Amino acid sequence: MNHNNKTPGNFLSRSMTFCLGGCAALFLMVMMVLTFIDVIGRYFFHSPVNGVYELTEVLLAFVVFFALPLVTLENGHITVSLFDPWFKGVGRKIKELLISLMMVFVQAVMTWRLGLQARDLVSYGDASMFLQIPYGWVACAMAAMAAISTLFSLYLVLTNILQFNNNNGGAIQ
């Protein structure tokens, strides 16, 4: 994505990249430092850090779900180009649009299911065993990030449609 022009969409993109990318990087750094301290404490002082497994679990979920909207916004999901040689021109654009629509559907279902799971975990008061980290609120954060990712997928679909219309004079040829 080109971040050189000063459009509001670009400002939003840069802001989201900075905020979400910074959070994901911070979570990853904390996870690395905790693991390092735990290993040193375990092997040299015979005293591991209590609850590091639970923290690592939560931090890993945060790294993945805070990075998900960024990957979506940059259209950086893994794709298989096995059938690309078969599609040229308009056919390729239609294929890309269908894949983008499928991404919106899959991410919307993931967001919906995570939201239901978060609701259930919050209502049950489910928490980790040692540190009592409330899993419901972790799931709420995951659902929120999945929702942002779904909105970004929808934005990409709309962008693909507009580009398709602009490139073809508004008509399919």
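**Notebook: salt bridges, a surface patch and a pocket**

I started at Asp-120, which I found to be partly exposed, with a relative accessibility of 23%. I note here that the structure I am reading is a predicted model.

**Entry: salt bridges**

I looked up what Asp-120 is joined to, and found that its side chain meets that of Arg-119 in a salt bridge, with 3.3 Å from N to O. I then checked Arg-119, and with 53% relative accessibility it counts as exposed, because the cut-off for that word is over 50%.

How many salt bridges does the structure hold? I wrote down 2. Besides the pair at Arg-119 and Asp-120, I found Asp-38 in a salt bridge with Arg-42, where the closest N and O atoms are 3.0 Å apart. Both Asp-38 and Arg-42 belong to helix α1, and I noted that they stand 4 residues apart, which is about one turn of the helix.

Is Asp-38 buried or exposed? I found that Asp-38 counts as buried, because its relative accessibility is 8% and the cut-off for buried is under 20%. For its partner Arg-42 I noted 37% relative accessibility, so Arg-42 counts as partly exposed.

**Entry: helix α1 and the nonpolar patch**

I stayed with the surface and looked up a nonpolar patch of about 730 Å², whose members are Leu-26, Leu-28, Met-29, Val-30, Met-32, Val-33, Phe-36 and Ile-37. I picked out Met-29, which I placed in helix α1, a helix that covers residues 8-44. Met-29 is partly exposed, with 44% relative accessibility, and I note that this fits the patch because its members need over 30% relative accessible area.

Val-39 also has its place in helix α1, and I recorded it as partly exposed at 38% relative accessibility. I then looked at how far Val-39 is from Asn-165: the two are 126 residues apart along the chain, and their C-alpha atoms are separated by 57 Å.

**Entry: the largest pocket**

I turned next to the largest pocket, in which about 560 Å³ of space lies. Its lining has 21 residues, and I wrote down Asn-75, Thr-79, Glu-96, Ile-99 and Ser-100 as the closest to the centre of the pocket. Which helix supplies the largest share of the lining? I found that α3 does, with 7 residues. Both α3, at residues 90-124, and α4, at residues 135-167, give at least two residues each to this lining. By kind, I recorded the residues of the lining as 8 nonpolar, 9 polar and 4 charged.

**Entry: two residues with positive phi**

I came back to Asn-75, which is among the residues closest to the centre of the largest pocket, and looked up its backbone. Most residues other than glycine have a negative phi. Asn-75 is not a glycine, yet I found a positive phi of about 55 degrees for it. I placed Asn-75 in the loop between α2, at residues 52-73, and α3. Is Asn-75 buried or exposed? I noted a relative accessible area of 56%, so Asn-75 is exposed.

For Gln-132, likewise not a glycine, I recorded a positive phi of about 55 degrees, and I placed Gln-132 in the loop between α3 and α4.

Key
Residues are numbered from 1 along each chain as its sequence is written. This is a predicted model: local features need pLDDT of at least 70, side-chain atom pairs count only at pLDDT 80 or more; totals for chains, interfaces and linings use all residues. Side-chain values use heavy atoms; hydrogens and water are left out. On a 1 Å grid over the protein atoms alone, a cavity is a set of points where a 1.4 Å probe fits but cannot get out, and a pocket is an open set with protein on both sides within 12 Å along at least five of seven lines; lining residues have an atom within 4 Å of a point. Grid points are joined across faces, edges and corners, and a volume is the space filled by probe spheres set on the points. Ala, Val, Leu, Ile, Met, Phe, Trp, Tyr, Cys and Pro count as nonpolar, Asp, Glu, Lys and Arg as charged, and the others, Gly among them, as polar. Patches are made of residues with over 30% relative accessible area and no salt bridge: like charges are joined within 9 Å, nonpolar side chains (Val, Leu, Ile, Met, Phe, Trp, Tyr) within 5 Å. Accessible areas come from the Shrake-Rupley method with a 1.4 Å probe; for residues, only the protein chains shown count as cover. A salt bridge is a side-chain nitrogen of Lys or Arg within 4 Å of a carboxyl oxygen of Asp or Glu. Buried means under 20% relative accessible area, exposed over 50%, partly exposed in between (1.4 Å probe, protein chains only).
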